[in-house]
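Thanks for coming, everyone. Let me put the structure up, and then we'll walk through its helices.

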Amino acid sequence: MLLIPAIDIKDGKCVRLRQGDLTSNISVFNEDSVEQARQWVEMGAERIHIVDLDGARTGKPVNLPIIRKISEEFGDDVEIEVGGGMRTLERVEKTLDAGVDFVVIGTAAVKAPGFLHDVCSQYGGSVIVGLDAKDGIVMTDGWTKSSGRTAIDLAKKFQDYGVDAILYTDISRDGMLTGCNVEATADLARAIDIPVIASGGIRDLDDIRKLLDVEYDGVTMAVLGRSLYEHTLDFKEALELVKNHKQNWSF
């Protein structure tokens with residue numbers, strides 16, 4: 001399993017939100033997002049998940065210069081995936097041109113599947129779809145509107161477009177440190193043929209153990225956010241747990 005530290009960028013700073021709320025409960029964990037990336041790379045990260053929160057709000061690549069700097073400094077050592085405001089082909093192109101390996105498309109994928117199809121046609125191998133769900137139903141527009149579609153239905157549709165992976169977030173748990181919704185994540189993974197990235201609520205090593213139990217169902221990656229920044233989960237310990245699990249399974 002690939003463990004992916006998250007860096008959410010707002011006004012150039014590394015922050016964390018609770019349930020995606022950009023209006024309150026914003027915690028600043030590092031004034032320098034590039035330095036934060038350096039810390040994760042030095043601790044052994046193989047991929048970093050970046051969200052341009054300002055870009056998600058405005059639809060413009062507000063923090064792209066910072067993302068480009070992270071890519072220039074660490075792109076040889078880690079993969080980089082970026083989400084937030086990926087609503088046009090131009091935005092996707094500019095982000096990938098900045099040295100990013102994957103773009104994460106959320107609301108635009110659900111509301112404009114033709115756009116997603118075009119992105120996959122042009123940039124196949126670099127596209128992840130983020131599905132944010134409440135009680136299994138995918139939400140859009142900053143989690144304020146219901147799509148009326150289940151995550152499984154949409155994931156099945158999008159995998160046929162050539163999407164590389166599905167990033168699945170249980171909205172009710174995101175940033176709350178209440179534990180990952182492993183059951184729903186595994187159900188999604190078993191229903192499709194592409195990898196699923198778990199996200200939302202991961203708190204400690206017990207959550208990592210639960211995810212490892214469903215890794216071979218297709219939950220092959222996990223994004224780690226508040227748990228790392230509030231030290232309920234030690235990244236090096238988590239990496240060691242994954243390493244030992246892999247070694248034990250190989251026997």
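Which residues does Ser-33 touch, not counting residues up to four places away in sequence? Keep that one in mind while I place it. First, a caution: this is a predicted model.

Ser-33 lies in helix α1. It is buried, with a relative accessible area of 1%. Now the answer. Ser-33 touches Ile-7, Ile-9, Gly-12, Lys-13 and Cys-14. It also touches Ile-66 and Ile-70.

Ile-70 takes us to α3. That helix covers residues 64–74. Its buried residues are Leu-64, Ile-67, Ile-70, Ser-71 and Phe-74. Look down the axis of α3. Those buried residues fall within an arc of 120 degrees, so they line one face of the helix. What do they pack against? Strands β1 (2–10), β4 (47–52) and β5 (79–83), together with helices α1 (33–42) and α4.

Now turn α3 around. On the face away from its buried side sit the exposed residues Pro-65 and Glu-72. Take Pro-65. Its relative accessibility is 51%, and exposed means over 50%, so Pro-65 counts as exposed. How far is Pro-65 from Gly-12 in space? The answer is 9.5 Å, C-alpha to C-alpha, although 53 residues separate them in sequence. You met Gly-12 a moment ago: it is one of the residues that Ser-33 touches.

On to α6, residues 113–123. Here Phe-115, Leu-116, Val-119, Cys-120 and Tyr-123 are buried. Down the axis of α6, they fall within an arc of 135 degrees, so these residues also line one face of their helix. Their packing partners are helices α4 (89–97), α5 (107–111) and α7, plus strands β6 (102–105) and β7 (127–134). Just after α6, Gly-125 takes a positive phi of about 100 degrees.

Let me stay with α6 and bring in α4. The two pack at an angle of about 35 degrees, their axes 10 Å apart. The crossing of α4 past α6 is right-handed. From α4, the contact uses Leu-89, Val-92, Glu-93 and Leu-96. From α6, it uses Phe-115, Asp-118, Val-119, Gln-122 and Tyr-123. By type, that contact has six nonpolar residues, one polar and two charged.

Next pair: α7, residues 151–159, and α8, residues 182–191. Their axes come within 9 Å and cross at roughly 35 degrees. Is this crossing left-handed or right-handed? Right-handed, as α7 passes α8. On the α7 side we have Ala-151, Ile-152, Ala-155 and Lys-156. On the α8 side, they meet Asp-187, Leu-188 and Ala-191. The split is five nonpolar, no polar and two charged.

Last topic: cysteines. Is Cys-120 buried or exposed? Its relative accessibility is 6%, and the cut-off for buried is under 20%, so Cys-120 counts as buried. Cys-180 has 7%, so by that cut-off Cys-180 counts as buried too. How many disulfides are there? The count comes to zero.

To recap. Ser-33 is buried in the model, at 1% relative accessible area. α3 has its buried residues along one face. α6 has its buried residues along one face. α4 passes α6 in a right-handed crossing, and α7 passes α8 in a right-handed crossing. That's my tour.

Definitions and conventions
Residues numbered from 1 in each chain as written. Predicted model: local features only at pLDDT ≥ 70, side-chain atom pairs only at ≥ 80, totals over all residues. Heavy atoms only, no water. Axes fitted to C-alpha atoms, helices over the stretch in contact; angles between N-to-C directions. Helix = DSSP H or I, 4+ residues; strand = E, 2+ residues; numbered from the N terminus. Left-handed = near helix turned anticlockwise from the far one by under 90°. Contact = heavy atoms within 4.5 Å. Nonpolar A, V, L, I, M, F, W, Y, C, P; charged D, E, K, R; others polar. Buried < 20%, exposed > 50% of the residue type's maximum accessible area, 1.4 Å probe, protein only. Arc of directions from axis to C-beta. Disulfide = S-S within 2.5 Å.
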